[in-house]
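This report goes through a single protein chain, from local charge pairs to the overall fold.

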Amino acid sequence: MTQFLLQTSWCIPFYGLIGAILTLPWAMGLVRRTGPRPAAYINLLMTVLAFIHGSLLFRITWNHLPLHLTYSWLTAPGLDISFVVEISPLSVGAMELVAGLSLIAQFYALGYMEKDWAIARFYALLGFFEAAISGIALSDSLFLTYGLLEMLTLSTYLLVGFWYAQPLVVTAARDAFLTKRVGDVLLLMGVVAVSALSGSLTFSDLEFWAETAQLQPLTATLLGLALIAGPIGKCAQFPLHLWLDKAMEGPNPASILRNSIVVSGGAFVLIKLQPVLALSPITDGALIALGTATAIGASLVAIAQIDIKRAFSHTTSAYLGLVFIAVGLHQVDVALLLLLTHALAKALLFMSVGAIILTTSTQDMTEMGGLWSRMPATTTAFLVGASGMVAVLPLGMFWTMRRWLDGFWEVPWWLVLILLLVNGLTALNLTRVFGLVFAGKPQPKTRRTPEVPWPMALPMVSMTIVTLLVPLMLQQWQLLLSWSSPSLDTSASSFNAFIHQAAVPLLLISGVIGVAIGAALYLYGVTKRPVQLPWKSVQELLAYDFYIDRLYGLTVVLLVSRISAISAWIDRYIIDGIVNILGLATLGSGEGLKYSISGQSQIYVLTITIGVGLLVILMLWQF
């Protein structure tokens, strides 16, 4: 039985794909009598099978060496493209996380999308998406992973544009697709380059190659920058981060997956490529710089949003920025813990957000208030998810941050300040959202807001329990550190020693300060509950995301539009002009010949003879 499960592990991503294919008759409208709900049940069944298969496989692979299954696809002289599947606790655990969150989101969508006429198409797209992200988790082939990333991008585009009758949705889907194309083109260049340099496209082979590779600094830098371009777009990092904010126009069950595991897919690929990226210090510096800019910038932007989904989408970019910093510092274990704890907490937050949107029919937080007494399950889910997002003892993010800070001697001291700032700003933003949505007096749209139906409440409560159990899971997997601090370096300065000892208390204090400021403004009414920041210019700067979209309009978009206009003018007046002149000349000469030809054969023979004679004379003249 064990051997059978191992040998069939490659088929787990196909469960979702099979579910999507079986759903097509309902999604395409070929089956109408039964309604669209059987499509949802089929996809749920296939996801349950994938989850059970993955659970059994995870128990088998725990504390065992990785197993690689190779399937040759294209072999030629000097070229061997094989699809390699890695069966290890890490890959199977990541795949199981995908299946579990997909199962939760699909069950949640039964209630959220109940009255949507296209629910069958929605579940077909979810199955397509699940297959792509599960394959990325198990893939050990860079070539296969790139193809699956493109599949994931396509499914994201279709899910964002699900309500395609709305112009804003179409624009958001287009922007998300085109933004990711920028990074994917550069990533493809990096894939081709690393294949030529290393002779392999397998992550495990690339790791061994990177240990002994001797590359020129310029080559290593260009290779590293090309390889991180794709994850920058997938993880919504500066400057390719605007798509995630606009992608919130899609259905909320898709937003649950997008903000928890879609963005994690790009980061997972980045972690696998870390040994190659480490060949260039400039690449590591770029990861740290981009991660820092995104972590701090997105945390600031989040506190100026009034759309509840967009307020949380920016925090997704911020925490993925911390993942970039961890990879740039070669702390892969911290990056993986960040992905795990963030995914669970953010999924729960978006489930509570979906419940709020469904009952109030609005995403504008200025129209909400007083929901805590009317929606107790949703309020509890929000509080647990918010606590799991920041360093609150004893939930998961606290242990992740603490593990990072216990390795303080390997990171610059200013990184601690970044963690404190992001943690404090996130706590402030979450408290602000709670004050605007759940506290205060009920608004017209929140006076009659019942709790969500059981198809939404059951997965939300289940996810609340899972989030609370994250520390126990980390303890079971031996990923927690003991309370005793590591021995200090006696040669270190007293300042560094003080910072190291005070790092964890400072982390807790930063969260308390963020909560205190938010509570003072939005809960206890120290001042009139503000909807905007007190400084209008700062409010607009953050609300419009530092005017980056306008900056794009004045630079990249303007340049492309001007080049397109020049190309159109050349095509119309030069290329078409030459062709039109030749056409008119041919037409005119043909019309002239029509009146000078008698139609007698002897005339044609004479003309051919004269022409051949002239050609012979011309050839003899050359000699």
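## Charge pairs and their surroundings

Asp 175 counts as buried because its relative accessibility is 15%, under the 20% limit for that class. The model is a predicted one. Asp 175 forms a salt bridge with the side chain of Arg 174, at 3.1 Å from N to O. Arg 174 has a relative accessibility of 44% and so counts as partly exposed. Asp 175 also meets the side chain of Lys 246 in a salt bridge, here at 2.9 Å from N to O. That pair links distant parts of the chain: Asp 175 belongs to helix H7 (residues 167–198) and Lys 246 to helix H10 (residues 242–246), 71 residues apart. Lys 246 is partly exposed, with a relative accessibility of 29%.

Another salt bridge joins Asp 333 and Arg 403, whose closest N and O atoms are 3.3 Å apart. Because Asp 333 is in helix H15 and Arg 403 in helix H17 (residues 396–406), this pair ties together parts that are 70 residues apart in sequence. Asp 333 has a relative accessible area of 38% and is therefore partly exposed. Elsewhere, Glu 150, Arg 181, Asp 184 and Lys 234 are joined into one network by salt bridges that share partners. The whole structure contains 9 salt bridges.

The three pairs described individually are listed here.

| Acidic residue | Basic residue | N to O distance |
|---|---|---|
| Asp 175 | Arg 174 | 3.1 Å |
| Asp 175 | Lys 246 | 2.9 Å |
| Asp 333 | Arg 403 | 3.3 Å |

## A buried glutamate without a partner

Side chains of opposite charge can pair when their charged atoms come close. Which side chain of opposite charge is nearest to Glu 96? It is Arg 59, 10 Å away, and Glu 96 is buried yet has no salt bridge. The cut-off for a salt bridge is 4 Å, so a separation of that kind does not qualify. Glu 96 lies in helix H4 (residues 89–112). Neighbours within four places in sequence aside, the contacts of Glu 96 are Ala 50, Phe 51, Gly 54 and Ser 55.

His 53 is found in helix H3, which spans residues 37–61. His 53 has a relative accessible area of 8% and is therefore buried. Beyond four places in sequence, His 53 is in contact with Leu 5, Thr 8, Ser 9, Cys 11, Ile 12 and Tyr 15. For one of these, Ser 9, the C-alpha atom is 8.0 Å from that of His 53, with the two positions 44 residues apart along the chain.

## Nonpolar cores

The largest nonpolar core has 143 residues, and those with the most contacts inside it are Phe 122, Ile 308, Phe 312, Leu 322, Trp 404 and Val 437. Helix H15 (residues 332–360) provides the largest share of this core, 18 residues. Phe 312 touches Asn 259, Lys 346, Leu 349, Phe 350, Val 353, Phe 382, Asn 429, Leu 430 and Val 433, when residues up to four places away in sequence are not counted. Another core lies apart from the largest one and has 18 residues, among them Tyr 15, Leu 69, Val 92 and Ala 94.

## The largest pocket

About 1200 Å³ of space lies in the largest pocket. Its lining is made up of 36 residues, and nearest its centre are Gly 93, Ala 94, Leu 97, Leu 340 and Trp 477. Which helix gives the most to the lining of this pocket? H4 does, with 11 residues. At least two lining residues come from each of H3, H4, helix H5 (119–138), helix H11 (252–272), H15 and helix H19 (454–468).

## A buried loop residue

Leu 240 sits in the loop between helix H9 (217–234) and H10. Leu 240 counts as buried because its relative accessibility is 15%. Outside four places in sequence, Leu 240 is in contact with Thr 179, Val 182, Gly 183, Ala 229, Ile 232, Gly 233 and Tyr 552. The C-alpha atoms of Leu 240 and Tyr 522, 282 residues apart along the chain, are 32 Å from each other.

## The chain as a whole

The protein chain has 25 helices and 2 strands. Along the principal axes, its C-alpha atoms fill a box of roughly 110 × 65 × 60 Å. Of the 623 residues, 51% are buried. Among contacts between residues at least 6 apart in sequence, 79% join residues at least 24 apart.

Note on methods: Residues numbered from 1 in each chain as written. Predicted model: local features only at pLDDT ≥ 70, side-chain atom pairs only at ≥ 80, totals over all residues. Heavy atoms only, no water. Helix = DSSP H or I, 4+ residues; strand = E, 2+ residues; numbered from the N terminus. Buried < 20%, exposed > 50% of the residue type's maximum accessible area, 1.4 Å probe, protein only. Lys, Arg positive; Asp, Glu negative; His and termini not counted. Contact = heavy atoms within 4.5 Å. Core = buried A, V, L, I, M, F, W, Y, C linked by side-chain atoms within 4.5 Å. 1 Å grid on protein atoms, 1.4 Å probe; cavity = no way out; pocket = protein on both sides within 12 Å on 5 of 7 lines; lining within 4 Å. Points joined across faces, edges and corners; volume = space filled by probe spheres on them.
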